[in-house]
Amino acid sequence: MSELDFNDIEHSESRGSTFDFKGFLFKALNLWKLVLLSIGVALVVAYLINVRKQNVYRLSSLISVESEQNPFFTANTSISFNWGGVSGKVGKVMTSIKTRSHNEKVVDSLQYYMQYMVQGKYRLQDIYSAAPFEVQLNKNKGQLLGQPIGIRFINESQFELFVDFGSAQRQVQRYSDKAKYSVEVPVGPFKEVYSLGQPIDLPFFSGTLVLRKGKRILPNKEFFIRFLNFDSVVYSYQSGVKIAPFSGSSSSVLTLALSGTNKAKIVDYLNATTAILSETELERKNQYATNTIKFIDSSLAAVNDNLKDVAEEMNRFRKKNKVFDISEEMSLTSEKLKNLDLEKETERAKLNYLEALETYLRTKTDYTQIAAPTSVGIEESNILSSVKTITSLAIERQNLEYTVKEGNVLFKDLDRKIDAEKNVLLETITATKQTITANLNSISTKIARLEMELSSLPEDEQDYLKIQRKLNLSQEAYDVYMAKRSEAAIVKAANVSDITTIDEAKDIGNPPIGPNKSLNYMMALMVGFFAPMFLIFVIYLLDHTIHGSDEVEQLSNIPILGLIGKYNYKNNLVVFEKPKAAVSESFRSIRSSLQFILKNKGEDGLGKSIMITSSVSGEGKTFTSINTATVYALSGKKTILLGLDLRKPKIFGDFNITNDKGVVNYLIGDSSLEEVVFHSHIENLDVIPSGPVPPNPSELLMGEAMPELIKTLRETYDIIILDTPPLGLVTDALELTQYADATIFMVRLDYTKKGMLALVNAKHRAGELKNISFVLNFYKHKTNHNYGYGYGYGYGYGYGYGVYGDAYHEDPNKRGVFKKVQNFIKRI
């Protein structure tokens with residue numbers, strides 16, 4: 001093989017392996033109607049989505065988290081207890097708002113698990129507070145989940161409750177404890193008439209409908225109520241509420257935001273969540289004072305009872321002994337005893353508190369209930385600091401339980417800190433108890449010494465002094481406890497929440513944030529455009545057929561001899577019966593091109609042979625053979641058309657001759673040449689049909705009679721047209737190439753496979769096919785790159801007549817609407 005041949009092979013393969021972007025572009029341009037249709041459908045879908053989707057609104061509120069100082073808190077008022085700074089509190093507030101327990105309180109307070117609805121154009125719409133009535137639920141009874149319960153008002157005071165059950169078992173939920181269970185319901189339509197204010201007690205609904213203040217009910221108006229799963233509603237709001245620091249402000253100002261389809265519900269939820277959060281934080285802030293008040297109340301009750309008993313004892317003593325006064329000296333001694341008794345009682349109260357605190361620390365795990373040490377006069381800084389730290393850590397752990405699972409490393413860290421501080425506090429309590437015990441012993445010694453001084457008094461005066469001492473002690477203890485309680489109550493009452501509303505949520509005509517209709521239309525345009533483009537791309541990649549002349553040029557170096565267009569006609573005799581048609585001109589052009597090829601071929605004075613073949617059936621080989629022979633005959637050349645496709649004979653039908661005798665009869669010696677040659681109605685054109693289908697067509701064509709036949713025909717005719725079998729299916733055509741001065745290989749656009757050209761190239765390079773040229777059939781000049789598409793050609797081989805190029809001056813038969821749609825679908 002020559003160096004030039006190798007270069008041609010390499011060049012051809014490199015051209016065939018690259019992606020033909022230009023071809024893909026022209027294929028897409030040719031299918032612009034499909035792209036336009038897809039975009040239209042996508043826009044219609046986007047429109048239907050936009051009109052059916054509910055508007056989504058987003059509202060927000062601003063809250064402030066500050067450490068509000070109690071106005072009654074002074075240096076001497078140490079009952080108040082602040083359990084965190086502003087930065088720590090902000091983090092706790094942001095965490096609390098996202099907790100399940102907090103959102104449960106808000107949903108429960110607003111009863112958002114119950115919807116008031118009316119039938120809209122596309123769906124049931126939630127009207128919330130716009131409903132003219134409200135339902136006072138019996139939360140201790142189950143309410144039907146999921147299925148709307150209809151309410152049709154008969155007049156201003158009566159209504160019909162209706163619902164249609166498809167099964168006898170339905171699930172209900174009891175909102176008092178959130179329990180869900182199944183109940184029996186009547187299968188089929190249920191209808192019952194009730195009056196406003198009349199309690200309704202059904203297995204699936206329990207409550208009372210009352211008229212909202214200022215609302216009026218129109219007869220025959222229908223409403224619906226629907227109950228939702230409590231946990232699902234809580235989860236939707238828990239995940240829907242957004243909280244973040246307000247941009248451009250300090251970290252203590254937070255923005256609460258919520259999106260939804262009903263602005264009134266959003267407003268109420270945001271404001272309710274702030275109010276409940278503020279109440280919860282105030283309760284936590286007052287917890288220390290509340291614990292102190294509880295402790296004082298428990299001690300005050302015992303002191304009060306003791307004071308009453310001592311006062312009654314003093315009254316009885318005075319009535320009996322008539323003693324109302326003592327000497328001035330004894331009074332001074334008694335006053336000293338009184339002070340010592342008070343001091344002793346104070347120390348004993350401290351000791352009792354510390355013992356109770358020690359027991360509490362050793363036996364309890366919840367350290368948020370510790371009373372203030374200052375309530376009993378303990379001013380030891382170490383104890384005050386440790387109690388404050390333990391309480392702060394305990395509250396922090398309690399808050400963490402809402403968002404973090406038990407066993408988390410954060411719990412372990414807090415527990416470790418609490419245990420460490422508790423151990424320090426217990427050691428401090430032990431040391432303080434020893435100090436207080438020593439003080440008590442010293443006070444008791446002083447009291448005993450003074451009591452010895454009073455032993456010289458008469459017995460009745462001694463008894464009087466004893467009772468008076470107890471009375472004074474009880475009264476003083478009572479006064480101290482009352483003062484401490486009043487202080488704690490004032491502190492608690494004056495406390496304000498650290499969470500305040502700066503800008504509450506309000507509907508001020510906020511425009512919807514969704515659906516984003518413009519985005520939906522843009523997405524529709526993109527999907528409508530790229531979906532068919534992707535489909536065309538996939539089809540293009542999977543398409544192995546030839547669509548244009550430039551593809552042929554890319555795949556092969558064999559020249560293109562001519563182009564044959566589409567034309568609808570009743571038979572294959574287009575050139576003879578429609579000489580002005582464009583397809584007739586195509587064959588004249590092919591005849592002119594063949595003259596250059598045949599000029600120096602064969603012996604002078606002998607006829608020239610032209611072999612017409614193709615890769616497979618259906619590519620227009622017989623059509624081209626008949627019309628090429630016709631165009632030569634009409635030019636005055638004595639022409640014969642030889643049907644050598646022995647397996648599928650076809651050419652006889654268009655010339656109104658039979659196929660009883662033909663080439664086969666001549667090759668087997670059954671008939672003479674004169675007996676198998678038929679004169680057609682076209683001047684200068686004779687036809688030899690194939691004859692009966694033989695069992696061994698290849699052997700016949702390879703026999704000794706075939707060369708003799710061609711030789712005889714060359715001597716008799718100017719042009720011999722050989723209609724041969726397809727080259728890609730059988731080997732007959734290869735056997736006949738030795739008799740051809742020129743070979744035409746038919747390529748039907750949109751039909752012939754690219755791989756067939758590789759077969760032709762290989763045989764051409766091997767020298768098996770000589771003087772070969774391509775003729776492109778079914779050509780449609782639609783663009784400069786002739787990427788035209790369509791189907792419909794053929795005569796014989798099981799497909800309909802071809803559609804060939806328009807005549808110069810004649811309009812082709814117009815296709816019907818159904819045919820156009822069918823053609824368009826095929827082209828896709």
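## Helix H3, two sets of strands and a few odd backbone spots

Let's start with helix H3, residues 32-52: at 1.5 Å a residue, its 21 residues should span 30 Å, and the end C-alpha atoms are 30 Å apart, so the two values agree. Which residues of H3 are buried? They are Leu34, Val35, Ile39, Ala42, Ala46 and Asn50. These residues sit on the same side of H3, because they cover an arc of only 145 degrees around the axis. Look at the face turned away from that buried side and you'll find Leu36 and Leu37, which are exposed.

Before going further, keep in mind that this is a predicted model. The pLDDT averages 80 over the protein, and 80% of the residues score at least 70. Residues 1-16 have a pLDDT below 50, and beyond near neighbours in sequence this stretch has 15 contacts in the model. Residues 69-86 also stay under 50 in pLDDT, and here the model has 47 contacts beyond four places in sequence.

**The sheet with E5, E8 and E9**

Next up is an open sheet of 3 strands, in the order E5-E8-E9, with antiparallel pairing. Its edge strands are E5 (142-144) and E9 (179-184), each of which pairs on one side only. From one strand to the next, the twist averages 45 degrees. Strand E8, residues 169-174, is joined to E9 by 6 bridges, and the two run antiparallel. If you want a spot to look at, take arginine 170, whose bridge partner in E9 is valine 183.

The loop between E8 and E9 holds lysine 178. This residue has a positive phi of about 65 degrees although it is not a glycine. Is lysine 178 buried or partly exposed? Lysine 178 counts as partly exposed, because its relative accessible area is 22% and buried would mean under 20%.

**Strand E22 and its partners**

Now move along to strand E22, residues 719-723, where 5 of the 5 residues are buried. Ile719, Ile721 and Asp723 point one way from E22, while Ile720 and Leu722 point the other way. Both sets are buried, the aspartate included.

Which way do E18 and E22 run relative to each other, parallel or antiparallel? Strand E18 (residues 608-614) runs parallel to E22, and 5 bridges join them. Isoleucine 612 stands opposite aspartate 723 in E22, so you can find that buried aspartate from the E18 pairing as well.

Strand E19 (residues 639-643) pairs with E22 too, in the parallel sense and over 5 bridges. Here isoleucine 640 has isoleucine 720 of E22 as its bridge partner.

**Backbone oddities**

Two positive phi values and one cis peptide bond are worth a look on screen, and the table puts them side by side.

| Site | Backbone value |
|---|---|
| Lysine 178 | phi about 65 degrees |
| Asparagine 771 | phi near 50 degrees |
| Glycine 514 and proline 515 (cis) | omega about -5 degrees |

Asparagine 771 lies in the loop between helix H23 (754-765) and strand E24 (772-779). Its phi is positive even though the residue is other than glycine. With a relative accessible area of 30%, asparagine 771 is partly exposed.

As for the cis bond between glycine 514 and proline 515, where does proline 515 sit? You'll find proline 515 in the loop between strand E16 (499-503) and helix H13 (517-542).

Methods. Residues numbered from 1 in each chain as written. Predicted model: local features only at pLDDT ≥ 70, side-chain atom pairs only at ≥ 80, totals over all residues. Heavy atoms only, no water. Helix = DSSP H or I, 4+ residues; strand = E, 2+ residues; numbered from the N terminus. Axes fitted to C-alpha atoms, helices over the stretch in contact; angles between N-to-C directions. pLDDT = per-residue confidence, 0-100. Contact = heavy atoms within 4.5 Å. Expected span 1.5 Å × (residues − 1). Buried < 20%, exposed > 50% of the residue type's maximum accessible area, 1.4 Å probe, protein only. Arc of directions from axis to C-beta.
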